Amino acid sequence: LALAYETGRIKPTEELRDIVYKCTVCGNCAVACKYMNTLEPLEIIMKLREKLVNTGCGPMPQQQVYIEAVKKVNNPYNEPYEKRMDWIPDDIILNPDAKVLYFVGCTSSYRRKEMAIAAARILNAAGVSFNILQNDEFCCGSPILRIGDTTTFEEILNKNLDIIESKGVETVVFSCAGCYDTFKVDYPLSRKYEFKVKHTVELFDELIESGQLKLTNNVPITVTYHDPCHLGRNAERYEDWDGDVVQLLPLVSINVPPKPKRTG
Ligand code: SF4
Ligand code: SF4
């Protein structure tokens, strides 16, 4: 399809757009194709989306709504920007001079506040001195990039990197798999940065290993771990990590579904 489009044999039509935007960007084909050869089907799909956006054929009309929301209120949910900090409870301790920054993200700030609260409380419990960007935090740009609006994405990543670099932090921590993937994999393709990026599962793993985070309470439940596609596959962490944090919890019985390796 991409080749036919590139060589002018098919035109940017609604039918083509509907096909190209059916992909969820899960990355499975990119892994599977590496088993046989070095094809990058996901990169081809992303490039095709970018071209459709540039011709005015893409994205899907509903997706245009959240592009406008990010431009207007800095989040795709079209929530008031001044409510971005509403998730934070009184017991969270922040340090404005900390070298660790917790990038909360739009979903945890507005839709899954329990994720942000849990991450911040665990950081506090482990004695990790950290800060958040508060009213300087904007959407990471992931939903904008995934639908092919690379021009708006570049503006967002530059805005985020300018602010984070001005704070002089050494490590940025993410609890959202999508934000982490976007910072770790996509930002450096446009602009390099010096700070380290870590997902909370990586950081908590290190904190447990070092004894800084102590697990003392029994949790008698069985859980199935869903490894987000943005974390395990698209950010390419499968080779060196095996869901250790959950397995370390006392009495938690865990089912970890078999996962595809980088080589398929
Ligand atoms: S990334 Fe590949 S496997 Fe995943 S939905 Fe898109 S085309 Fe399908
Ligand atoms: S990271 Fe989670 S929400 Fe995002 S695409 Fe993967 S499964 Fe869906």
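This is a short dialogue about reading a predicted model of a protein with two ligands.

Biologist: Before we start, what should I keep in mind about the numbering and the model?

Modeller: Residues are numbered from 1 along each chain as its sequence is written, while chains are lettered from A and ligands numbered from 1 in the order in which they are written. The model is predicted, so to speak of local features we need pLDDT of at least 70, side-chain atom pairs count only at pLDDT 80 or more, totals for chains, interfaces and linings use all residues, and side-chain values use heavy atoms, with hydrogens and water left out.

Biologist: How many helices and strands does the protein have?

Modeller: Helices (H or I, at least four residues) and strands (E, at least two) are DSSP runs, numbered from the N terminus. Here there are 13 helices and six strands.

Biologist: And what share of the residues is buried?

Modeller: Buried means under 20% relative accessible area, exposed over 50%, and partly exposed in between, using a 1.4 Å probe and protein chains only. Of the 264 residues, 46% are buried.

Biologist: Which residues surround ligand 1?

Modeller: A residue is near a molecule if one of its heavy atoms lies within 4 Å of it. For ligand 1 the list is Cys23, Thr24, Val25, Cys26, Gly27, Asn28, Cys29, Leu42 and Ile45. Helices H3 (28–36) and H4 (41–55) each supply at least two residues of that shell. As for cysteine 26, it counts as partly exposed because its relative accessibility is 27%.

Biologist: What about ligand 2, which residues surround it?

Modeller: His226, Pro228, Cys229 and His230 do.

Biologist: With cysteines around, how many disulfides are there?

Modeller: A disulfide is a covalent bond between the sulfur atoms of two cysteines; the cut-off is a pair of cysteine sulfur atoms within 2.5 Å. This structure holds zero. Take cysteine 179: the nearest cysteine sulfur belongs to cysteine 176, 3.7 Å away, and cysteine 179 is in no disulfide. Cysteine 179 counts as buried because its relative accessibility is 4%.

Biologist: Now asparagine 74: why does it count as buried?

Modeller: Because its relative accessibility is 12%. Asparagine 74 sits in the loop between helix H5 (61–73) and strand S1 (100–103).

Biologist: Which side chain makes a polar contact with that of asparagine 74?

Modeller: A polar contact is a pair of N or O atoms within 3.5 Å; within protein, one must be able to donate a hydrogen and the other to accept it, and residues adjacent in sequence count only if both atoms are side-chain atoms. Here the partner is lysine 159, at 3.4 Å.
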